[in-house]
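The following exercises concern aromatic pairs and a ligand site. Each task is followed by a solution in steps.

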Amino acid sequence: MIIKQMADIRPSEITDQQIYRERRRFIRNASGFLVAGMASAVLHPRSAQAGHGGQSIEGVKSSSFSTKEKLTPYKDVTSYNNFYEFGTDKKSPALQAGSLKPRPWTVVVEGAVSRPGNYFLEDILKGRSLEERIYRMRCVEGWSMVIPWVGFPLGDFIKRLEPAANARYVEFQTLFDPVQMPGQKRDVLEWPYVEGLRMDEAMHPLTLLAVGLYGEVLPNQSGAPLRLVVPWKYGFKGIKSIVKMRFLEQQPRGSWTRSAPHEYGFYANVNPQASHPRWSQRRERRIGEFRKRKTLMFNGYAEQVAHLYQGMDLKNFF
Ligand code: MTE
């Protein structure tokens with residue numbers, strides 16, 4: 001993977017999504033052989049200046065897990081966000097997140113693994129080939145998007161850490177630094193932001209650690225430099241700007257579950273049959289569309305993930 005300094009124009013700003021798709025297809029076809037042979041991705045940390053997005057990521061492979069649905073425009077993906085560390089309304093993260101410094105970046109690994117320690121971002125990415133995964137994303141608030149993420153399976157990183165047999169869950173934490181993240185000066189949530197997955201969910205091939213979107217480095221408001229993407233769960237599971245992973249025997253409690261346990265459960269699987277106490281989850285509004293559409297079980301990923309929850313009552317385990 002090569003992160004290039006971009007010239008003054010950002011392709012995503014001028015490229016409509018059809019052209020974006022065609023350009024990616026062309027790059028893939030033209031360099032398919034080269035990309036396939038690019039087992040060892042190279043990160044150029046100095047060129048990834050501040051990680052404010054806009055640097056293109058080369059050598060990204062396509063994935064059979066991608067949906068062919070219409071992409072949500074880059075502008076919407078990066079200006080309509082939930083990132084309470086930068087304010088609670090949708091526009092604030094894009095306006096405020098410039099104070100976050102996504103380089104240098106370290107992820108601390110603790111708990112039931114043979115290889116705990118401090119992992120530099122460059123080290124996490126070294127030798128890893130990156131994939132583009134176009135995923136449907138559904139927020140618990142009732143809106144959805146289709147986003148071309150760039151990342152790699154979380155499970156690939158976890159395997160390298162050699163989890164112990166009693167590691168049944170992974171807990172993730174976002175950076176806590178009220179100077180870089182001024183929204184943390186207000187008690188809207190318990191800081192740092194925390195989320196968790198069961199180990200089999202974390203190891204599932206759909207679960208990604210994302211470093212980019214639309215072929216470019218993640219902009220800060222999208223969770224730079226490293227965020228979780230779990231497409232069959234409500235968006236709040238997709239913790240941003242991760243600095244810590246803890247491998248635990250006990251189920252961790254996420255920030256939303258702590259703040260409103262009857263509204264936000266641990267599993268957060270997209271389930272149109274289980275209403276949120278204050279609103280139905282049967283339908284959703286795809287950003288950019290007027291009419292609401294039906295929400296699909298597991299956000300349309302049932303074929304891949306339903307077996308993880310066999311025998312569980314998903315209204316109880318919401
Ligand atoms: N991660 C952190 N650290 N802080 C947050 O407020 N919001 C969550 C999730 N990850 C959040 C977070 C919620 S509620 C959603 S819907 C998604 O991020 C939104 O991701 P997006 O802005 O990239 O669409």
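**Exercise 1.** State how many aromatic pairs the structure holds, and classify two of them.

*Solution.* The structure holds 13 aromatic pairs. Rings of Phe, Tyr and Trp (its six-membered ring) pair if their centres lie within 6.5 Å; planes under 30 degrees apart count as stacked, over 60 as edge-to-face and the rest as tilted. Phe83 and Phe86 lie 4.9 Å centre to centre with 85° between the planes, an edge-to-face pair. For Phe298 and Tyr309, the centres are 5.5 Å apart and the planes meet at 20°, so this pair is stacked.

The model is predicted: local features need pLDDT of at least 70, side-chain atom pairs count only at pLDDT 80 or more, and totals for chains, interfaces and linings use all residues. Residues are numbered from 1 along each chain as its sequence is written, and side-chain values use heavy atoms, with hydrogens and water left out.

**Exercise 2.** Is Phe83 buried or exposed?

*Solution.* Buried means under 20% relative accessible area, exposed over 50%, partly exposed in between (1.4 Å probe, protein chains only). Phe83 has a relative accessible area of 3%, so Phe83 is buried. Phe86 is likewise buried, at 3%.

**Exercise 3.** Describe the surroundings of the ligand and its polar contacts.

*Solution.* First, the shell: 14 residues surround the ligand (a heavy atom within 4 Å), and the closest are Asn81, Tyr84, Glu85, Gly238 and Lys240. Next, the polar contacts (N or O atoms within 3.5 Å). An oxygen atom of the ligand lies 2.7 Å from a backbone N or O atom of Tyr84. A polar side-chain atom of Arg227 is 2.9 Å from a ligand oxygen atom, and a polar backbone atom of Gly238 is 2.9 Å from a ligand nitrogen atom. Finally, the area: the ligand taken alone exposes 530 Å², of which the protein buries 95% (Shrake-Rupley method, 1.4 Å probe).

Methods:
Polar contact = N/O pair within 3.5 Å; in protein donor to acceptor, adjacent residues only side chain to side chain.
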